[in-house]
Amino acid sequence: MNARCRHVSPGARRKGFTLLELIIATAVGAVVLVVIQTTFFGALRLHNTTHARIAEDQALQRAVGFIRRDLAGVVLPGGTNGMAKDLSSTGQSLSLADNLGERVTPDIYTSSGRIDGWTPFADLQAVAYFLAPAEGGGRGRNLIRAVTRNLLPVQEAQPDPQVILGDVEAATISFYDGNGWIESWESAESQTLPLAFRFTLARVPAGGGQGTLAPVEIVVPVMVRTTTSQTEETEGMQL
């Protein structure tokens, strides 16, 4: 018998994969990769959306904190050296700030200033809010807080503008006089301050999306009272 002629069993003849097996394995691997990719990018989009929503909520809460603190700290007109002017919706004293954009609030003299070792002024400051176009354009505008710390300057002081919130479509302030909300206030005529402020913000979706978000309404009671206010409240209780 020829030594080169050997008997090979059927099991020993199959040492590789057939073409059909390779095609099936490749198809299964492709399906697994598609599932992994879909799951990964879905989780990545959810992560980015969640962080964007958290950042947006933090910006809104920060702006609400500024507004609430400024309105809650409103002071009586007059005071030492007459630094706190009247609350007036028509007579604005921060004239240099009016080029910042559309005025939302009158000048509010408030005790919301920070006192520390690096601040050269007292806690009394003048604050006004404006709406200005965003740098990138679009529907939303920036809510600007203009602050004047030095209320006794040698020459007219330039307010410090701070962008505290973006994507704002509209902002309004109204005043509660005891009977209802009105759109303007003149403390020089009424000799009183309002009983409360209401600051309303209408926002648009971030990124220029369509529609309008639910409005944000901030109601802040005024705790200080003028002599006229106290007299009116006493007469009202007696009635």
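Leu20, Ile24, Val28, Val32, Leu33 and Ile36 make up a nonpolar patch on the surface, adding up to about 590 Å² of accessible area. A patch here takes residues with over 30% relative accessible area and no salt bridge, joining nonpolar side chains (Val, Leu, Ile, Met, Phe, Trp, Tyr) within 5 Å and like charges within 9 Å. A salt bridge, for that purpose, puts a side-chain nitrogen of Lys or Arg within 4 Å of a carboxyl oxygen of Asp or Glu. Areas are Shrake-Rupley values with a 1.4 Å probe, and for residues just the protein chains shown count as cover.

This is a predicted model, so to speak of local features takes pLDDT of at least 70 and side-chain atom pairs count only at pLDDT 80 or more, while totals for chains, interfaces and linings use all residues. Residues are numbered from 1 along each chain as its sequence is written, and side-chain values use heavy atoms, with hydrogens and water left out.

Within the patch, Leu33 belongs to helix α2 (residues 19–72). Helices (H or I, at least four residues) and strands (E, at least two) are DSSP runs numbered from the N terminus. Leu33 counts as exposed because its relative accessibility is 59%; the cut-offs are under 20% for buried, over 50% for exposed, and partly exposed in between (1.4 Å probe, protein chains only).

Turning to the strands, β5 (residues 160–176) runs antiparallel to β4 (residues 141–148), with six bridges joining them. Pairing requires that DSSP find at least two bridges between two strands. Pro161 of β5 is the bridge partner of Ala146. With a relative accessible area of 41%, Pro161 is partly exposed. Leaving out residues up to four places away in sequence, Pro161 touches Leu100, Ile144, Arg145 and Ala146, where contact means heavy atoms within 4.5 Å. Between Pro161 and Arg145, 16 residues apart along the chain, the C-alpha separation is 5.6 Å.

β5 is also joined to β7 (residues 196–203), antiparallel, by eight bridges, and pairs with β6 (residues 181–182) in the antiparallel sense over two. Tyr176 has Ala196 as its bridge partner in β7 and stands opposite Trp181 in β6. Four residues separate β5 and β6 in a hairpin, and Gly178 in the turn has a positive phi of about 105°.

Elsewhere, Ser112 sits in the loop between β2 (108–110) and β3 (125–133). Ser112 is buried because its relative accessible area is 13%. Its side chain makes a polar contact of 2.6 Å with that of Asp70. Such a contact is a pair of N or O atoms within 3.5 Å; within protein, one must be able to donate a hydrogen and the other to accept it, and residues adjacent in sequence count only if both atoms are side-chain atoms.
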